[in-house]
Amino acid sequence: MVLPQVVSRDQWLTARRELLAREEQLSPQHAALVAARRRLPMVRIEKDYVFEGARGRATLPELFEGCRQLIVFHFMFDPAWDDACPSCSAFSGRLHPGLLAAMRARDTAFVAVSRASLAKLQASRGWQRWHFPWYSSFGSDFNYDFHVTLDERVAPVMYNFESKEEILAAGSPIELVVSEIPVEIVGLSCFIQDNGSVFHTYSTYDRGVEELSQADSLLELTALGGQA
């Protein structure tokens, strides 16, 4: 383990002030990015998705559990796998009850959705450990429509908002998009309810998920942010 250099208090203060200046430079950019995210247009969900959970079958509106907003964690678990993705499991372990309660206090529900069957979810090592509802989308188009299962035999492949054709044309083929077997992608998708309809407002994938283990960070992805 490499530790920071040991210095005097005055030297530390000088270095901290330099870093603070950089933080202050980035702060307006971050605020502008968050504001731009909230101004993203939204898409009405027309398809009737059905999921399976501990309490039976549920539609997408029912996943909101009375909240105005919903964050779906696309938890990687292929139906052929024996257990869920270890990285997704590690992320889930950081979603403690207090964090989830903070989101719900802002009228935002949080659920996980995986393509594996409900029986496999319930048999997994994490089923009893997670503090949020975990649903199976097995047999539905949900994972394909939100581009977290890549399988061109079922739907056109799109990775991080680029089509397979665009990625290949750029001359830097990604193994995920040329795979001959289905590929699972980790991601988060945000939805909002308004006047009886559900709208998709935001999605992020792979590295975009890694830093999002705090309620405020998750809420910043949604249309209303912390205002809900």
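**Exercise 1. Valine 7 and its surroundings**

Task: State where valine 7 is found in the chain, whether it is buried or exposed, and which surface patch it belongs to.

Solution.
Step 1. Valine 7 sits in the segment that comes before helix H1 (9-38). The model used here and in the exercises below is a predicted one.
Step 2. The relative accessibility of valine 7 is 36%. Buried means under 20% and exposed means over 50%, with partly exposed in between. Valine 7 therefore counts as partly exposed.
Step 3. On the surface, Val7 joins Trp12 and Leu13 in a nonpolar patch. Together these residues have about 250 Å² of accessible area.

**Exercise 2. The largest pocket**

Task: Describe the volume of the largest pocket, the residues closest to its centre, and the make-up of its lining.

Solution.
Step 1. The largest pocket holds about 240 Å³ of space.
Step 2. Its lining has 13 residues, and those closest to the centre are Gly53, Ala54, Arg55, Pro133 and Tyr135.
Step 3. Next, look at the strands. At least two lining residues come from each of strand S3 (56-59) and strand S6 (134-136). S3 gives the largest share, with 3 residues.
Step 4. Sorted by type, the lining of the largest pocket has 8 nonpolar, 2 polar and 3 charged residues.

**Exercise 3. The largest cavity**

Task: Find how many cavities of 30 Å³ or more the structure holds, and say which residues line the largest cavity.

Solution.
Step 1. Rolling a probe the size of a water molecule over the atoms shows where empty space is left.
Step 2. There is 1 cavity of 30 Å³ or more in the structure. The volume of the largest cavity is about 40 Å³.
Step 3. The largest cavity is lined by Tyr144, His147, Thr149, Leu150, Asp151, Ala155, Pro156, Val157 and Met158.
Step 4. By type, this lining divides into 6 nonpolar residues, 2 polar and 1 charged.

**Exercise 4. Positive phi angles**

Task: Glutamate 65 and histidine 147 each have a positive phi. Give the place and the exposure of each residue.

Solution.
Step 1. Glutamate 65 is not a glycine, yet its phi is about 50°. Its place is the loop between helix H2 (60-63) and strand S4 (69-74).
Step 2. With a relative accessibility of 31%, glutamate 65 is partly exposed.
Step 3. Histidine 147 is likewise not a glycine, and its phi is about 60°. This residue is in the loop between helix H6 (142-145) and strand S7 (149-150).
Step 4. The relative accessible area of histidine 147 is 25%, so it is partly exposed. His147 also appears in the lining of the largest cavity.

**Exercise 5. Salt bridges**

Task: Say how many salt bridges a search of the whole structure finds, and work through the pairs formed by aspartate 141, glutamate 65 and glutamate 152.

Solution.
Step 1. The search finds 12 salt bridges.
Step 2. One of them joins aspartate 141 to lysine 47, with the closest N and O atoms 3.2 Å apart. Aspartate 141 lies in the loop between S6 and H6, and lysine 47 lies in the loop between strand S1 (43-44) and strand S2 (50-53), so the pair ties together parts that are 94 residues apart in sequence.
Step 3. Both partners are partly exposed: aspartate 141 has a relative accessible area of 38%, and lysine 47 has one of 39%.
Step 4. Glutamate 65 makes a salt bridge with arginine 55, at 2.7 Å from N to O. This pair links distant parts of the chain, 10 residues apart, with arginine 55 in the loop between S2 and S3.
Step 5. Arginine 55 is exposed at 73% relative accessibility, whereas glutamate 65 is partly exposed at 31%.
Step 6. Glutamate 152 pairs with lysine 164, the closest N and O atoms being 3.0 Å apart. Glutamate 152 is in the loop between S7 and strand S8 (158-159), and lysine 164 is in helix H7 (residues 164-169), 12 residues away in the chain.
Step 7. Lysine 164 counts as buried, because its relative accessibility is 15%.
Step 8. Lys47, Asp141 and Asp145 are joined into one network by salt bridges that share partners.

**Exercise 6. Glycine 139 and leucine 19**

Task: Locate glycine 139 and state how far apart glycine 139 and leucine 19 are in sequence and in space.

Solution.
Step 1. Glycine 139 is in the loop between S6 and H6.
Step 2. Its relative accessible area is 74%, so glycine 139 is exposed.
Step 3. Glycine 139 and leucine 19 are separated by 120 residues in sequence and by 50 Å in space, C-alpha to C-alpha.

Conventions. Residues are numbered from 1 along each chain as its sequence is written. This is a predicted model: local features need pLDDT of at least 70, side-chain atom pairs count only at pLDDT 80 or more; totals for chains, interfaces and linings use all residues. Side-chain values use heavy atoms; hydrogens and water are left out. On a 1 Å grid over the protein atoms alone, a cavity is a set of points where a 1.4 Å probe fits but cannot get out, and a pocket is an open set with protein on both sides within 12 Å along at least five of seven lines; lining residues have an atom within 4 Å of a point. Grid points are joined across faces, edges and corners, and a volume is the space filled by probe spheres set on the points. Helices (H or I, at least four residues) and strands (E, at least two) are DSSP runs, numbered from the N terminus. Ala, Val, Leu, Ile, Met, Phe, Trp, Tyr, Cys and Pro count as nonpolar, Asp, Glu, Lys and Arg as charged, and the others, Gly among them, as polar. Patches are made of residues with over 30% relative accessible area and no salt bridge: like charges are joined within 9 Å, nonpolar side chains (Val, Leu, Ile, Met, Phe, Trp, Tyr) within 5 Å. Accessible areas come from the Shrake-Rupley method with a 1.4 Å probe; for residues, only the protein chains shown count as cover. A salt bridge is a side-chain nitrogen of Lys or Arg within 4 Å of a carboxyl oxygen of Asp or Glu. Buried means under 20% relative accessible area, exposed over 50%, partly exposed in between (1.4 Å probe, protein chains only).
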